[in-house]
Amino acid sequence: MIFSPLDYVVFLGFYAIVVGFALWKSRGERTSTDYFLGGRSLPWWLIGISIVAANISTEQMVGMAGQGAGGVGLAVSSWQLVGTIGVVLIAFTLLPRLLRAGIYTIPEFLEYRYNSAARTIMAMITVVIYVAVMLTAVLYSGGLTIHTIFGLDLSTGVWILAVIAALYTTWGGLKAVAWADLFQGLALIAGGLLVFFLGLHAVGGWERFATTNAARLHLVLPADHPTLPWTGVASGMWIVILYYCGLNQFIVQRTLAARTLRDGQLGVIFAGALWLLVPFAIVMPGIMAGQLYAGQLATPDQAFPTMIKNLVPAGLRGFMLAAIAGAIISTLASLINSSSTIFTMDVFHRLIDRRASQARLVVVGRVVTVIAVVIGAVLAPQLADPRFGGVFNFIQNFQGYIWPGVVAAFVVGLLVPQAPGSAGVAALVSGPAIYGLFQTFAPNLHFLLQVALTFQLVLGVMGVITFFWPLETPKPLPERADLDIRTTPLVRNIGIGVIALTILFYVVFW
């Protein structure tokens, strides 16, 4: 792709503003609360855009657009649409409890509810998944996108992205990440919609697009569909969404940094509303790529980059490069920051140095940031191996090791006060073990159904333990006296409206 001088000016100017503003807003981060939770001062609109920027990266641009171009079509949008409904429900149920507890991390909550062993197990599993799976996948998909569009070597692209993300994350922590996301998230959404409208023009308008791709514009697929059967969406996907939107440090850290419950709730609802744009900004451009450039796609994962390469005119390429880089870097920064937070607060501070000063905790967080980036950058090029089945498939399959056990531990922990600490530990240990058995001995069973069955079996294990060894007195949870946890009517009505829009989308594209 050839760049004009204007493209370079747009790109360099964009990132000069992003990095400069992020570093300025995060100056003076001295305590662990400042560094890891932005001083608990984030407003709702910043939380919402930051969640979207963290969530949508090149693993969506590459993976979801690739599945749109392949055999899944519009149905892959269910990951975001079901997430929209899930995040609104979580805003009214789980979020108030987490904010009231005043915690830094999701594993920390398990220590209050169960015991220290449960906290340590979840912390270690989460860090491994974040670094070895999610961080690695984002780096790979980002490097692949840059390689496809600009011809840069895959490994070189991976290291460039890793270094840029590590620089401002190491300096300013969550607040730097969130303020950078403000620009990068808006650029991401605008860039995706730009590709959608350029693609729509290239295929001859909406009517021709809809007619040509009628078989791909369905949100509900048959039960025997190999990639995304409706049975998996109706069962296992809800477990995934509960984890991802409500128990995932990567996303929840922003809501834990909210200045009030209202800001936290409005923030996640706003993010859910913005997710409704994903079918247009990412999935449909992938479908258009399959229509326009089927002969140019060596793999479906090249769909979105190919649209950019062929359709974006000179003068706008610098903006698209900024949007792509922003999508990659914002997600990388969020993963790095969350991994650093969990390791520092749940492992180092508890198991290695309980008397560590605030300054030392910040230093440890910065060191862990660098280590996580190096590991991810070394592993990322390995995902080019076809046996992983595409980046989106890799992410979803391997995260199945954490979803069922964690969700079961929290559901039972919150709804069954008599559940003992051993039940929580059993959930976190048996979840990965049972899912691993399904992966080994039932590989043809869709992974979402594996997740659903694993979740049910883990609930059974916890039920047996609770029946024979119940707590005599439920454990009290910590509470922040300064936080009002009442949901206002305005917030409730906005949430209901977002759910109604999501249901309407399903009705239109059933």
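Accessible areas are those obtained by the Shrake-Rupley method with a 1.4 Å probe. On this basis, the accessible surface of the chain comes to about 19,000 Å², and 68% of that surface belongs to carbon and sulfur atoms. The model described here is a predicted one. The chain contains 23 helices and zero strands. Of its 510 residues, 60% are buried. Among contacts with a separation of 6 or more, 84% are made by residues 24 or more positions apart.

The nonpolar interior was examined next. In soluble globular proteins, nonpolar side chains tend to be buried together. The largest nonpolar core in the model has 162 residues, and Leu 139, Leu 228 and Tyr 243 are the residues with the most contacts inside this core. Helix 9 gives the most to the core, with 17 residues. The surroundings of Leu 139 include residues from several stretches of the sequence: beyond the four places on either side, Leu 139 touches Val 158, Leu 161, Ala 162, Leu 332, Val 373, Gly 376, Ala 377 and Ala 380. Apart from the largest core lies another core, of seven residues, among them Tyr 104, Phe 348, Leu 361 and Val 368.

Burial was also examined for individual helices and residues. Helix 13, spanning residues 249–256, is mostly covered, with eight of its eight residues buried. These buried residues are Gln 249, Phe 250, Ile 251, Val 252, Gln 253, Arg 254, Thr 255 and Leu 256. In helix 14 (residues 261–275) lies Gln 265. Gln 265 counts as buried because its relative accessibility is 1%, under the 20% limit for that class. A polar atom of the Gln 265 side chain lies 2.8 Å from the backbone oxygen of Ala 91. Ala 91 is also among the residues that Gln 265 touches outside four places in sequence, together with Phe 92, Leu 95, Pro 96, Thr 487 and Val 491. Helix 17 (residues 317–352) holds Ile 336, which is buried because its relative accessible area is 1%. The C-alpha atoms of Ile 336 and Val 370 are 8.5 Å apart in space, although the two residues are 34 residues apart in sequence.

Aromatic contacts were then considered. A pair of aromatic rings is described by the distance of the centres and the angle of the planes. The whole structure yields twelve aromatic pairs. One of these pairs, formed by Phe 196 and Phe 280, is edge-to-face, at 5.7 Å centre to centre with 80° between the planes. This pair links distant parts of the chain, as Phe 196 belongs to helix 9 (residues 154–203) and Phe 280 to helix 15 (residues 278–292), 84 residues apart. The two partners fall into separate accessibility classes: Phe 196 is buried, with a relative accessible area of 6%, whereas Phe 280 counts as partly exposed at 24%. A further pair, Phe 505 with Phe 509, is tilted, with 5.0 Å between the centres and 35° between the planes. Both members of the tilted pair are buried, Phe 505 at 11% relative accessibility and Phe 509 at 13%. Phe 196, Phe 197, Phe 280, Phe 505 and Phe 509 are linked into a cluster by ring pairs. Elsewhere, Arg 113 lies over the face of Tyr 114, at 4.9 Å from the ring centre.

Two loop residues complete the description. His 225 is placed in the loop between helix 10 (206–212) and helix 11 (230–234). With a relative accessibility of 16%, His 225 counts as buried. Its C-alpha atom is separated by 8.7 Å from that of Val 72, a residue 153 residues apart along the chain. Aside from neighbours within four places in sequence, His 225 is in contact with Gly 71 and Val 72. Glu 472, by contrast, is exposed, with a relative accessible area of 82%. Glu 472 lies in the loop between helix 22 (447–468) and helix 23 (489–508). Between Glu 472 and Pro 420 the C-alpha to C-alpha distance is 9.1 Å, with 52 residues separating the two in sequence.

Note on methods: Residues numbered from 1 in each chain as written. Predicted model: local features only at pLDDT ≥ 70, side-chain atom pairs only at ≥ 80, totals over all residues. Heavy atoms only, no water. Helix = DSSP H or I, 4+ residues; strand = E, 2+ residues; numbered from the N terminus. Buried < 20%, exposed > 50% of the residue type's maximum accessible area, 1.4 Å probe, protein only. Polar contact = N/O pair within 3.5 Å; in protein donor to acceptor, adjacent residues only side chain to side chain. Contact = heavy atoms within 4.5 Å. Phe/Tyr/Trp six-rings, centres within 6.5 Å; stacked < 30°, edge-to-face > 60°. Lys NZ or Arg CZ within 6 Å of the ring centre and 35° of its normal. Core = buried A, V, L, I, M, F, W, Y, C linked by side-chain atoms within 4.5 Å.
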